[in-house]
Amino acid sequence: MKKGIYFLLALLVTIGFSCNSHPYKSTNKVYKHQVKNYLKKIGSIPPVSLVSDTIPPSPYWVGTTNFGIRKPSYVIIHHTAQHSTEQTLKTFTLPRTAVSAHYVIGSDGKVYQMLNDYFRGQHAGVSRWGNQLDMNSASIGIELDNTGFEYFEEAQINSLLVVLGKLKKDYAIPTANFIGHGDIAPTRKNDPNWRFPWKLLAEKGFGYWYDDKRDSVPASFDHITGLRIVGYDIKDTSAAIVAFKRHFLQDTTKGMTPLGREILFNLHKKYF
C-alpha cells in the first residue's frame with residue numbers, strides 16, 4: 001500500500017515539474033492574451049457614427065449575414081538560417097526580433113505550429129509576387145530548420161508534405177501559390193536554398209514544375225516578361241533571374257542561360 005502511495009506521489013511530482021519546466025510557458029501566456037485582444041476587436045459592433053464630421057451618421061447599425069473569415073492564399077517556405085530548431089523557436093518568441101512564422105519544422109520532422117493559420121505572421125518582410133504586395137497578409141509562413149548550407153532531411157520533407165497537404169485542402173490554396181521566400185524577395189533572400197526539392201513538391205501538387213518534353217523557344221520570347229508572368233518582381237532583373245534559376249535549376253549563378261529560357265518558356269504558359 002505504502003509503495004503505491006509513494007509511486008503516486010512521485011508521479012504527481014514528476015507531472016508538476018514537467019508542467020512548470022515548460023520553456024515557453026510565459027510566452028504562451030502572451031500569445032493567449034494577444035488572441036483575446038484580437039477576438040475582442042473582431043467581436044465588437046462597429047460604431048454608427050464614423051470619425052469624420054463630414055459624413056452624416058446612419059440611423060442604426062446593420063450587420064450583414066454574408067461573411068466569413070479571411071483565409072490564406074499562399075504558402076511561403078523558408079529555411080531558418082539558424083543552427084537548431086530550439087534557436088528558431090526562441091527567436092520567434094522574443095518581441096525585439098519582430099519576426100515569426102506559422103510553422104517551424106525541425107530536421108527530425110517535428111512540427112511546431114506557432115501561430116493560428118488565420119493570423120498574420122511576420123515572415124515575408126518587404127516582398128512581392130505578381131500584384132500581391134503584402135505577402136504577410138496573404139500567406140502562411142513555414143520555416144525549415146536548416147542553416148542555409150545543408151540538404152534537407154527526409155523526415156523534415158515528409159512532415160512538410162503532410163502540412164502542405166492539410167493547408168491546401170483546408171484553404172483551397174492554388175497549386176501555383178506554393179513558393180519560396182527567395183522567390184518573393186529576390187534582392188534580399190535566398191531561402192529555401194538551392195538544395196530544396198521543389199520538383200518533389202510539384203509532383204505532390206505544391207507548385208509547378210517544367211515538363212520533360214518542351215517546345216523550342218521562339219526568338220520573340222522575352223524572358224523578362226516570362227518572369228513577370230510567373231510572378232517574379234522584375235524591378236531588379238538580375239536578382240529575379242537568380243531567384244528563378246535557384247528554384248527551378250538549382251543554379252545560383254547570374255544571367256539567363258539557353259536552358260533557363262527554355263524552361264521558363266515552358267513554365268510561363270502554366271501561369272496564364
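Start with serine 139 and look past its neighbours within four places in sequence: in this predicted model, the residue is in contact with Pro72, Tyr74, Ile76, His102 and His123. Serine 139 sits in strand S4, which covers residues 139-144. With a relative accessible area of 2%, serine 139 falls under the 20% cut-off, so the residue counts as buried.

Its side chain has polar partners too. One is the side chain of histidine 123, with which the serine 139 side chain makes a polar contact at 3.1 Å. That histidine also turned up in the contact list above. The serine 139 side chain also reaches a backbone atom, the oxygen of methionine 135, at 2.5 Å.

Now move along the chain to helix H9, residues 237-249. At the start of this helix, aspartate 236 has a side-chain oxygen that comes to within 3.2 Å of the backbone nitrogen of serine 238. At the other end, just after H9, glutamine 250 has a positive phi of about 55 degrees. What about the length in between? H9 has 13 residues, and at 1.5 Å a residue they should span 18 Å; the end C-alpha atoms are 17 Å apart, so the two values agree.

H9 is mostly covered, with 10 of its 13 residues buried. The buried set runs through Ala239, Ala240, Ile241, Val242, Ala243 and Phe244, then on through Lys245, Arg246, His247 and Phe248. Lysine 245 and arginine 246, then, are among the buried residues. And what does the covering? Helix H6 (181-184), helix H7 (198-203), helix H8 (223-230) and H10 are included in what lies over the buried residues of H9.

H10, residues 258-268, deserves a closer look as a partner of H9: the two axes come within 11 Å and cross at roughly 80 degrees. An angle of 65 to 115 degrees counts as roughly perpendicular, and H9 and H10 are therefore roughly perpendicular to each other. On the H9 side of the contact you'll find Phe244, Phe248 and Leu249, and these meet Leu259, Gly260, Ile263, Leu264 and Leu267 from H10. By type, the residues of this contact split into seven nonpolar, one polar and no charged.

Finally, turn the view round to H10 itself. Its buried residues are Gly260, Ile263, Leu264, Phe265, Asn266, Leu267 and His268. Among these, Gly260, Ile263, Leu264 and Leu267 also belong to the contact with H9. The cover over the buried residues of H10 includes H8 as well as H9, and H8 also helps to cover the buried residues of H9.

Terms used. Residues are numbered from 1 along each chain as its sequence is written. This is a predicted model: local features need pLDDT of at least 70, side-chain atom pairs count only at pLDDT 80 or more; totals for chains, interfaces and linings use all residues. Side-chain values use heavy atoms; hydrogens and water are left out. Axes are lines fitted to C-alpha atoms, for helices over the stretch in contact, and angles run from 0 to 180 degrees between N-to-C directions. Helices (H or I, at least four residues) and strands (E, at least two) are DSSP runs, numbered from the N terminus. Angles under 35 degrees count as roughly parallel, over 145 as roughly antiparallel, 65 to 115 as roughly perpendicular and the rest as oblique. Contact means heavy atoms within 4.5 Å. Ala, Val, Leu, Ile, Met, Phe, Trp, Tyr, Cys and Pro count as nonpolar, Asp, Glu, Lys and Arg as charged, and the others, Gly among them, as polar. The expected span of a helix is 1.5 Å times one less than its number of residues. Buried means under 20% relative accessible area, exposed over 50%, partly exposed in between (1.4 Å probe, protein chains only). A polar contact is a pair of N or O atoms within 3.5 Å; within protein, one must be able to donate a hydrogen and the other to accept it, and residues adjacent in sequence count only if both atoms are side-chain atoms.
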